[in-house]
Amino acid sequence: MAAAGAVASDLEVVRGKRAALFFAAVAIVLGLPLWWKTTETYRAPLPYSEIDLLNSLRLRLRVPITVVFTRDALALDDAVKLPFTVVYEREIPLKYKMKIKCRFQKDYRMALDHEEEALSLGSVQEAEAILAKSQEQVVGSLNVYVISERASLLPQDMMSYIGPNRTAFMRGIIHRQAFNIIGRRIVQIAQAMSLNEDVLAAALADHLPEDKWSSDKRRPLKSSLGYEITFSLLNPDPKSHDVHWDIEGAVRRYVQPFLNALSAAGNFSVDSQILYYAALGVNPRFDPASSSYYLAAHNLPHVINPVESRLGSSAASLYPVLNFLLYVPELGHSPLYIQDKDGAPVATNAFHSPRWGGIMVYNVDPKAYNGSELPVRVEVDMKRVMEVFLAQLRLLFGISQPKLPPKCLFSGPRSEGLMTWEVDRLLWARSVENLATATTTLTSLAQLLGKISNIVIKDNVASEVYRAVDAIYESALELTSGHLASAFVASREAVTSSERAFFDPSLLHLLYFPDDQKFAIYIPLFLPMAVPIVLSLVKIFLEIHESWKKPVRRD
């Protein structure tokens, strides 16, 4: 009986050891991998190597220029050399990681019969209008017509002419270095109408260090899918002034044509409002010499904040809001004038704030108070007001007057307030800005995801990143090919996808779930199960170790 009990005890010990080993094997082979897989942070693969290459991206901005010569603009020896192509390439000296080169591709050819007929007219405006109907208007391209040195199409004291369309005229020269001289003049015209250092520096102002390029270039609005424009009439003294303004008619006649011409750069929405008892928040000073009040230049920054709290237009807006305020001063502070830094009155009696909008002070005619009961009816001259607001709108978008070559006749904007090539120049700047913004966003996102390992990367985020990277390379390729319209569309898609990935809410799901919290949750679950298994394994190991130490008895 004792022997049978000993055998049963040994079998029970062996069964216990096997059970402990089985539980340990199941926990290690099956439990740990299953737990690891079900609790790991899902991170979809991202193109980290391609994102790193974006920092060394080189942009070549190709501007196609068609140069057309009339029969008497060149010597016969030079005319027989046509057609041919000349490329002028120059790197823009900006302190930025993305290298940018401007590539002016000049395709020389002789004028066709209908072009010769148009260029023989007596007015350059008539010639431009006829040529604009017959030629293809490609976004980002330029057409330069070289006429005879003695032609009457241009005034005798002018060497070139820049029109409102993508067309320019210049005088030729009979010289053995004619093509070199004309080529340099064409580059000057092209830089005025399309790309130059100032345009690109303004576009990359947020990405450049604080130096001579960016200190005075942080003025244009940032690129966006849309913009909201709000016109506000401020009447702080309705008891004295009954102000009427035809804002709907003014928007329809002046603002909407401007926005239609600028529609390629984004979508626009326009609204208006009238605010009563809305003061500027700054007390103007009285000038005894002129019996008027004035706002000094150093007081203008303090005008915006008190007024902005009353506007309420940017609170629920997804897009940048541009505020244009028409302020009719109260009777006790009339007339009110704005002074510049030198103390002289501003001609427009208005000022603008970069990336915010503009304010114009509209004084009531003093004669309106003669024999009139209060409140005085005030009819606002909307043409004068809109001329100021449209000029401010041009400045807000960075559309400034070009640096003209010497002896160049400038036609001025069309009735819409914009030239066609000014819109093209804005698209050049926006394309470069979008590529820089998308590159910076993707680089920051890749660095963030590389440093913090517990951020979830879902498939939709990864797809947006891939889409942004592909759009950046596509836009760069289209810029190199000179296809500005498609390049701008691709650059805007790159910005949209990169920001959609960067600001995706799923990236924050596990960001505030550190490892110490994981241990606090899992230890109470696994410790009661793990302790018996570990103790059993330790006991088995000790028994095996002791059995190895016992001497073997030999008979």
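This short talk covers a five-stranded sheet, some aromatic pairs and one helix packing.

Some ground rules before we start. This is a predicted model: local features need pLDDT of at least 70, side-chain atom pairs count only at pLDDT 80 or more, and totals for chains, interfaces and linings use all residues. Residues are numbered from 1 along each chain as its sequence is written, and side-chain values use heavy atoms, with hydrogens and water left out.

Let's begin with the sheet. Helices (H or I, at least four residues) and strands (E, at least two) are DSSP runs, numbered from the N terminus. Two strands pair if DSSP finds at least two bridges between them. The open sheet has five strands, in the order β9-β7-β12-β15-β14. Its pairing is mixed. Which strands stand at the edges? They are β9 and β14 (350-353). Each has a single partner strand, so one side of each is left without a neighbour in the sheet. The twist averages 15° from one strand to the next. That angle is taken between axes, which are lines fitted to C-alpha atoms, for helices over the stretch in contact; angles run from 0 to 180 degrees between N-to-C directions.

Now look at β7, residues 226-235. Nine of its ten residues are buried, so β7 is largely enclosed by the rest of the structure. Buried means under 20% relative accessible area, exposed over 50%, partly exposed in between, with a 1.4 Å probe and protein chains only. Ten bridges join β7 to β9 (residues 267-276), and the two run parallel. Here Gly226 stands opposite Asn267 in β9. Seven bridges join β7 to β12 (residues 321-327), also parallel. Leu233 stands opposite Leu326 in β12. Follow Leu326 onward: its bridge partner in β15 is Met360. β12 and β15 (residues 357-361) pair in the parallel sense over five bridges.

Next, the aromatics. The structure holds 17 aromatic pairs. Rings of Phe, Tyr and Trp (its six-membered ring) pair if their centres lie within 6.5 Å; planes under 30 degrees apart count as stacked, over 60 as edge-to-face and the rest as tilted. Take Phe69 and Phe179. They are edge-to-face, 6.0 Å centre to centre, with 85° between the planes. This pair links distant parts of the chain: Phe69 sits in strand β1 (residues 58-69), Phe179 in helix α6 (residues 178-193), 110 residues apart. Phe69 is buried, at a relative accessible area of 0%. Phe179 counts as buried too, at 15%.

Compare Tyr88 and Phe104. Their ring centres are 6.3 Å apart and their planes at 25°, so the pair is stacked. Tyr88 lies in strand β2 (residues 84-91) and Phe104 in strand β3 (residues 99-110), 16 residues apart. Buried or partly exposed: which is Tyr88? Tyr88 is partly exposed, at 30%. Phe104 is buried, at 2%. Back to Phe69 and Phe179: with Phe84 and Tyr108 they form one aromatic cluster.

Last, two helices. α11 covers residues 420-451 and α13 residues 484-502. They pack at an angle of about 30°, with their axes 8 Å apart. α11 and α13 are therefore roughly parallel. Angles under 35 degrees count as roughly parallel, over 145 as roughly antiparallel, 65 to 115 as roughly perpendicular and the rest as oblique. What makes up their contact, by class? It has 13 nonpolar, seven polar and four charged residues. Ala, Val, Leu, Ile, Met, Phe, Trp, Tyr, Cys and Pro count as nonpolar, Asp, Glu, Lys and Arg as charged, and the others, Gly among them, as polar.
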